[in-house]
Amino acid sequence: MDQAVCCYRHPDRETGIRCTRCDKPICPECMVSASVGFQCPDCVRQGSGHTPRPRTVAGGVVAHDPILITKILIALNVAVFALELAVGDRVVQDLSLYAACTPKMFGPQHCVGVADGEWYRVITSAFLHDRGNYGHIVFNMLSLWWIGGPLERLLGRSRYIVIYLLSALAGSAAVLLITPDALTLGASGAIFGLFGATAVFMRRLRYDMRPILILLVLNIVFSFTWPNVSWQAHLGGLVAGTAVAIAMAYAPRERRDAVQWGTAAGVLVLTVVLTVIAVAQVTS
């Protein structure tokens, strides 16, 4: 069995990346982008006389609190759930995802939800959870903490939140395309996007992918076999998160920002187009 290799500055963190100058193992927090590959902080300091602001493996700036966005997302979800408990079903009715219209043959058409112009539901629904099922929010928030925190360290704040929100929007688009009249809520679509992104970066960093693949397969099986679970949102989020993560992980260094943000913009445009098409089908 191969012995685990750990970062020379953080012995508790396994890594598959080494400094291109001295060959010391370095974790994502210690990686400094160079013209070719990554260098450790010591080699950068020796070569330039100063230590540049470290970058993540995806090119983002390493923040003082590398999991701040994950904490904020969890806090938002918990706060909305507390509001649901305090106010009742009205919050779910006003913010959850669905789109439906009465048939035109029965007189003037009456539409509700996104079909009635309430487009905000495509994102607000991702911060709602079933108030009658505490396991729903507990499982999602634990998944967000376990998967989101390490991924935010790898990506940096801006790239991380983009993947999260695009995955949530893509999950909503998939729901509206396949089951528009089913009331849908939950952060699972966004979290599945984080699962896909984590798998991409584990491959990029040459980590052992078996744990994340096993976890992903179990969640996919759960999506299709457990009642009242929106596999549509899970699938949409997984596809979007994986696609954007591939661009962020493998973009050429000389055109990294253009490829990364261009891909994110393309996924956003495609998601919006599919959402508009889905609503048009409901109202036609």
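Trainee: What makes the nonpolar surface patch in this predicted model?

Mentor: The patch, of about 560 Å², is made by Leu-177, Ile-178, Val-269, Leu-270, Val-273, Leu-274 and Ile-277. Helices α6 (157-178) and α10 (256-283) each supply at least two of its residues, and α10 gives the most, with five.

Trainee: Why is Val-269 called exposed?

Mentor: Val-269, whose place is in helix α10, has a relative accessible area of 52%; exposed means over 50%, so Val-269 counts as exposed.

Trainee: Turning to the three aromatic pairs that the structure holds, why is the pair of Phe-192 and Phe-195 called edge-to-face?

Mentor: The ring centres of Phe-192 and Phe-195 are 5.7 Å apart and their planes stand at 75°; centres within 6.5 Å make a pair and planes over 60 degrees apart count as edge-to-face, so both conditions are met. Both residues lie in helix α7 (residues 188-204), three residues apart, which is about one turn of the helix, and both are buried.

Trainee: What makes the pair of Phe-224 and Trp-231 stacked?

Mentor: Phe-224 and Trp-231 lie 5.2 Å centre to centre with 25° between the planes, and because planes under 30 degrees apart count as stacked, the pair takes that name.

Trainee: How do you know whether Phe-224 and Trp-231 are exposed or partly exposed?

Mentor: Phe-224 has 54% relative accessibility, so Phe-224 counts as exposed against the cut-off of over 50%. Trp-231, at 28%, falls between the limits of 20% and 50%, and therefore counts as partly exposed.

Conventions:
Residues are numbered from 1 along each chain as its sequence is written. This is a predicted model: local features need pLDDT of at least 70, side-chain atom pairs count only at pLDDT 80 or more; totals for chains, interfaces and linings use all residues. Side-chain values use heavy atoms; hydrogens and water are left out. Patches are made of residues with over 30% relative accessible area and no salt bridge: like charges are joined within 9 Å, nonpolar side chains (Val, Leu, Ile, Met, Phe, Trp, Tyr) within 5 Å. Accessible areas come from the Shrake-Rupley method with a 1.4 Å probe; for residues, only the protein chains shown count as cover. A salt bridge is a side-chain nitrogen of Lys or Arg within 4 Å of a carboxyl oxygen of Asp or Glu. Helices (H or I, at least four residues) and strands (E, at least two) are DSSP runs, numbered from the N terminus. Buried means under 20% relative accessible area, exposed over 50%, partly exposed in between (1.4 Å probe, protein chains only). Rings of Phe, Tyr and Trp (its six-membered ring) pair if their centres lie within 6.5 Å; planes under 30 degrees apart count as stacked, over 60 as edge-to-face and the rest as tilted.
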